[in-house]
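Student: I am new to this structure and would like a close look at a single part of it. Could you pick one spot and walk me through what surrounds it?

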Amino acid sequence: MKIIITKDYEELSEKAFEIMKGVLATREAVLGLATGSTPLGLYRKMIEDHLQNGTSYRGMRAINLDEYVGLSPENEQSYRYFMRKNLFDSIDIDLANTYIENGLAPNAEEECLRYNALLARFPRDIQLLGIGANGHIAFNEPGTPFDSETHVVALTENTIEMNARFFKDKNEVPRRAFTMGIKNITDAKKVLILACGASKADAVYGLVKGKVTEDLPASILQQHKDCILIADREAAALIGG
Ligand code: GLP
């Protein structure tokens, strides 16, 4: 794993953009994208670069990690909405080439199979990730098998609480979500994982120096052949350097 430690969030976002820019050089790149607050700085830089330098996303595809069960794409808390608001509506990507699980799918099992087939059809050049305070990636909570593919998860109390800040009330946070599995994530050619702030320091320690264990889902990335971690000083506090 390549590790980059930055002085602050701004520098983290710049470094992340440099890596993303390398992937964007391929006109038909397939980008695995993520939600959460950590990638927002990177998305702002992608938008700036599109506006200032004309980098085009016309031939590209974007495939997202996860989506809440029960939320429609128009719901402001859905991840589909998040992606439009924070990236897709400000670049020239064709929305038909952006993919996310359907939170309203009537048959969850079929939806998972559909998503796995999509992932197999469009191998990702990069998978962007944040990390949960408990080491989760996407919505793969501790204990998720490393060979998992797209599935529905019951969110842990910890994750519900962490995500409650985006909702008016904690009771509005959906209890279940679709998520790419860990195998889907590690199938990407390159993985870029971003961590920011002291609340992520334990998870970053487990990711970099801990035992590879399903108890800390991100630890599997130690075995990925092209994984880059960018962490700010606070998130990197326990790994030294
Ligand atoms: C959620 C998302 C994850 C994300 C994590 C951290 O649980 N499903 O994909 O990595 O939150 O979010 P943040 O970047 O806001 O700390």
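Tutor: Happy to! One term comes before the rest: two residues are in contact when they have heavy atoms within 4.5 Å of each other. Please also keep in mind that this is a predicted model.

Let's start from Ala-34, which sits in the loop between strand E2 (30-33) and helix H2. Is Ala-34 buried or exposed? Its relative accessible area is 1%, and anything under 20% counts as buried, so Ala-34 is buried. Which residues does Ala-34 touch, leaving aside its neighbours within four places in sequence? They are Pro-39, Tyr-43, Asn-64, Leu-65, Phe-82, Met-83, Leu-128 and Leu-129. For a sense of distance, look across to Phe-166: it is 132 residues from Ala-34 along the chain, and the two C-alpha atoms are separated by 16 Å.

Now step back to Leu-33. With neighbours within four places again left out, its contacts include Met-20, Ala-62, Ile-63, Leu-87, Phe-88 and Gln-127. Tyr-43, Asn-64, Leu-65, Met-83 and Leu-128 are also in contact with Leu-33, and these five names appear in the list for Ala-34 too. Leu-33 belongs to the largest nonpolar core, which has 76 residues; together with Leu-31, Leu-33 has the most contacts inside that core. Helix H1 (residues 9-24) gives the most to this core, namely seven residues. As a general background, nonpolar side chains tend to be buried together in soluble globular proteins.

Several of the residues we have just met lead us to a pair of helices. Two packed helices are described by the angle between their axes and the distance between the axes. Helix H2 (residues 40-53) and helix H3 pack with their axes 10 Å apart and at an angle of about 45 degrees. That angle makes H2 oblique to H3. On the H2 side, the contact is made by Leu-40, Tyr-43 and Ile-47, and on the H3 side by Phe-82, Met-83 and Asn-86. What kinds of residue are these? Five are nonpolar, one is polar and none is charged. Notice that Tyr-43, Phe-82 and Met-83 take part in this helix contact, and that Ala-34 touches these three as well.

Helix H3 also brings us to some aromatic rings. The model has five aromatic pairs. In one of them, the ring centres of Tyr-68 and Tyr-79 are 4.8 Å apart and the planes are at 45 degrees, so this pair is tilted. Tyr-68 lies in strand E4 (residues 66-68) and Tyr-79 in helix H3 (residues 79-86), so the pair links distant parts of the chain, eleven residues apart. Both rings belong to buried residues: Tyr-68 has a relative accessibility of 1%, and Tyr-79 has 10%. Ring pairs also join Tyr-68 and Tyr-79 with Phe-139 and Phe-167 into a cluster.

Right beside Phe-139 in the numbering is Ala-138, found in the loop between strand E6 and strand E7 (151-154). Ala-138 counts as buried, at 10% relative accessibility. What is the phi of Ala-138? It is positive, about 55 degrees, although Ala-138 is not a glycine. In general, most residues other than glycine have a negative phi.

How values were computed. Residues numbered from 1 in each chain as written. Predicted model: local features only at pLDDT ≥ 70, side-chain atom pairs only at ≥ 80, totals over all residues. Heavy atoms only, no water. Phe/Tyr/Trp six-rings, centres within 6.5 Å; stacked < 30°, edge-to-face > 60°. Helix = DSSP H or I, 4+ residues; strand = E, 2+ residues; numbered from the N terminus. Buried < 20%, exposed > 50% of the residue type's maximum accessible area, 1.4 Å probe, protein only. Axes fitted to C-alpha atoms, helices over the stretch in contact; angles between N-to-C directions. Parallel < 35°, antiparallel > 145°, perpendicular 65-115°, else oblique. Nonpolar A, V, L, I, M, F, W, Y, C, P; charged D, E, K, R; others polar. Core = buried A, V, L, I, M, F, W, Y, C linked by side-chain atoms within 4.5 Å.
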